[in-house]
Amino acid sequence: MGDPKFSRAKYERPSHPWEAERIKAENELIKKYGLKNKKELWRAQSVLRRFRQRARHLQALVRYGDRQAGKERDELLGRLGRLGLLPTEGASLDDVLGLDVEAVLSRRLQTLAFVKGLAFTPHQARQFITHGHVAIGSRRVTVPGYIVTRLEETSIAYDPRSPISHDLHPARPGAQPVAPPAEGEGAGAPEAPQGPQGPAPGGESP
């Protein structure tokens, strides 16, 4: 199991570090989804890889009529349906094998917060999440890579305890900017009109 103090990596690095086409594709995904580094992309790829490996294993067992494999297949398809990676009905193991890494990246909280209009860019959505401004229902979530289920997707919103939850906060997309006061307005009360000058000092008129 290993020492719980030193957790194992939840991703696998590419077998070859210098592949121009792969590096270019990774950089495009990092830019598109606002990822912090390639480790987040590799983590999503590892999640997808485990689903695909499980699907291939079950596919072989189902061909031999394994009843337990049939139950596990339905459980896997149901789980992927709840995560929004597959349709809730009519999916098959072939659909699992047809998934790509963007299917996983599109279910991250960071991506869905941007798609729902809570931020101007995916990078700003990540900042809002890590700073505790986004919640799912009544639960504050500070992990940008959290995989959102179908049931949780509709309850993504600003945390009520966050100042950004105010409709007029300038960081919110669509917030109406406060118009500056017109010239001559809001600078204080108007000065009182000056009366005629009194006599000059000494009692003599000017």
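User: What makes a set of residues a nonpolar core in this predicted model?

Analyst: A nonpolar core is a set of buried Ala, Val, Leu, Ile, Met, Phe, Trp, Tyr and Cys residues that are joined through side-chain atoms within 4.5 Å. In this predicted model, the largest such core has 24 residues, of which Phe 51, Leu 76, Leu 80, Leu 85, Val 96, Val 101 and Leu 105 touch the most other members. Helix 1 (20-33), helix 2 (38-63), helix 3 (67-82), helix 4 (93-97) and helix 5 (101-105) each supply at least two residues of this core, and helix 2 gives the most, with 6 residues.

User: Which residues is Leu 105 in contact with, leaving aside its neighbours within four places in sequence?

Analyst: Contact requires heavy atoms within 4.5 Å, and Leu 105 is in contact with Tyr 33, Leu 35, Leu 41, Ala 44 and Thr 111 once those neighbours are left aside. A second, separate core of 15 residues includes Leu 118, Ala 119, Ile 136 and Ile 156.

User: What makes Glu 40 and Arg 43 count as charged in the lining of the largest pocket?

Analyst: Asp, Glu, Lys and Arg count as charged, so Glu 40 and Arg 43 both fall in that class. These two are among the lining residues closest to the centre of the largest pocket, as are Ala 44, Arg 108 and Gly 145. The lining divides into 6 nonpolar, 1 polar and 6 charged residues, and its largest share, 5 residues, comes from helix 2.

User: Why do Leu 48 and Val 101 count as nonpolar in the lining of the second largest pocket?

Analyst: Leu and Val are both in the nonpolar class, and therefore Leu 48 and Val 101 count as nonpolar, in a lining that divides into 2 nonpolar, 1 polar and 3 charged residues.

Note on methods
Residues numbered from 1 in each chain as written. Predicted model: local features only at pLDDT ≥ 70, side-chain atom pairs only at ≥ 80, totals over all residues. Heavy atoms only, no water. Buried < 20%, exposed > 50% of the residue type's maximum accessible area, 1.4 Å probe, protein only. Helix = DSSP H or I, 4+ residues; strand = E, 2+ residues; numbered from the N terminus. 1 Å grid on protein atoms, 1.4 Å probe; cavity = no way out; pocket = protein on both sides within 12 Å on 5 of 7 lines; lining within 4 Å.
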